[in-house]
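Please walk through the structure shown here helix by helix, and then turn to the open spaces between the helices.

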Amino acid sequence: NPAEVVKQRMQMYQSPYRGLLDCVRTVRQTEGLMAFYRSYSTQLTMNIPFQAVHFMTYELMQERLNPCRQYQPHTHIVSGAVAGAVSAAITTPLDVCKTLLNTQENVALTSVNISGHLSGMANAFRTVYQLGGVPAFFKGVQARVIYQMPSTAIAWSVYEFFKYFLTKHQQERSLAGAAAT
């Protein structure tokens, strides 16, 4: 999570930080070590539904595209991409809140009369809603979906390849052992 905080703060428009170490040093000195963990509960809360939806969507897609569950790379790629897209879209509101907690964007916070630092998932949700209503929770959804699709497609296809390769290799060894006896 500290790496995510630093990355997001450095990516902010007109970021005040000159580099990685400057960002770490400044955040630590001005906000304390806990600033690097402000969004930790939001991150955990986001990962649980993301992974649940991700696996359910992948399995549902495999059931439709590959009901015999054979090694078919194109079905694993498509299923993985769709699973990543659906999971990313559904959990975008949590990601928006996590980003606000990580960046503590002054422009956003002062526009809703928040002085100091924003903490906690409930406060982040309330602030995002004040900033732009329901649509604000889905800012960046397209970018998040586009980012997730190839990575989950690759991850699932690699997983399925190694599962196939290792299973096939194990079966060949078993057959060779049975033939030798």
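In what follows, a residue is called buried when its relative accessible area is under 20%. The model is a predicted one, and by this criterion the buried residues of helix α7 are V141, R144, V145, Q148, T152, A153, W156, S157 and E160. The elements that cover these buried residues of α7 include α3 and α4. As for its geometry, α7 has 40 residues, which at 1.5 Å a residue should span 58 Å, and its end C-alpha atoms are indeed 58 Å apart, so the expected and the actual span agree.

Helix α4, one of the elements that cover α7, gives another picture. It runs over residues 73-103, and whereas a straight helix of 31 residues would span 45 Å at 1.5 Å a residue, the end C-alpha atoms of α4 span only 39 Å. Along its course α4 bends by about 55° at T92, and a proline, P93, follows within four residues of that position. Of the 31 residues of α4, 22 are buried, and the helix is therefore largely enclosed by the rest of the structure. Just after α4 ends, Q104 takes a positive phi of about 50°.

From the helices we can pass to the spaces they leave. The largest pocket holds about 900 Å³ of space. It is lined by 31 residues, and the closest to its centre are Q8, D95, V96, T99 and K139. At least two lining residues come from each of α1 (2-11), α3 (40-65), α4, α5 (106-111), α6 (121-136) and α7 (141-180), and among the contributors α4 gives the most, with seven residues. Sorted by class, this lining comprises 13 nonpolar, eleven polar and seven charged residues.

Which residues lie nearest the centre of the second largest pocket? They are M12, P16, Q104, E105 and N106, out of the 17 residues that line this pocket; Q104 is also the residue with the positive phi just after α4. The volume of the second largest pocket is about 320 Å³. Both α2 (20-31) and α5 supply at least two residues of its lining, and α5 likewise supplies at least two residues to the lining of the largest pocket. By class, the lining of the second largest pocket has six nonpolar, eight polar and three charged residues.

Definitions and conventions
Residues numbered from 1 in each chain as written. Predicted model: local features only at pLDDT ≥ 70, side-chain atom pairs only at ≥ 80, totals over all residues. Heavy atoms only, no water. Expected span 1.5 Å × (residues − 1). Bend = angle between axes of the 7 residues up to and from the residue. Buried < 20%, exposed > 50% of the residue type's maximum accessible area, 1.4 Å probe, protein only. 1 Å grid on protein atoms, 1.4 Å probe; cavity = no way out; pocket = protein on both sides within 12 Å on 5 of 7 lines; lining within 4 Å. Points joined across faces, edges and corners; volume = space filled by probe spheres on them. Nonpolar A, V, L, I, M, F, W, Y, C, P; charged D, E, K, R; others polar. Contact = heavy atoms within 4.5 Å.
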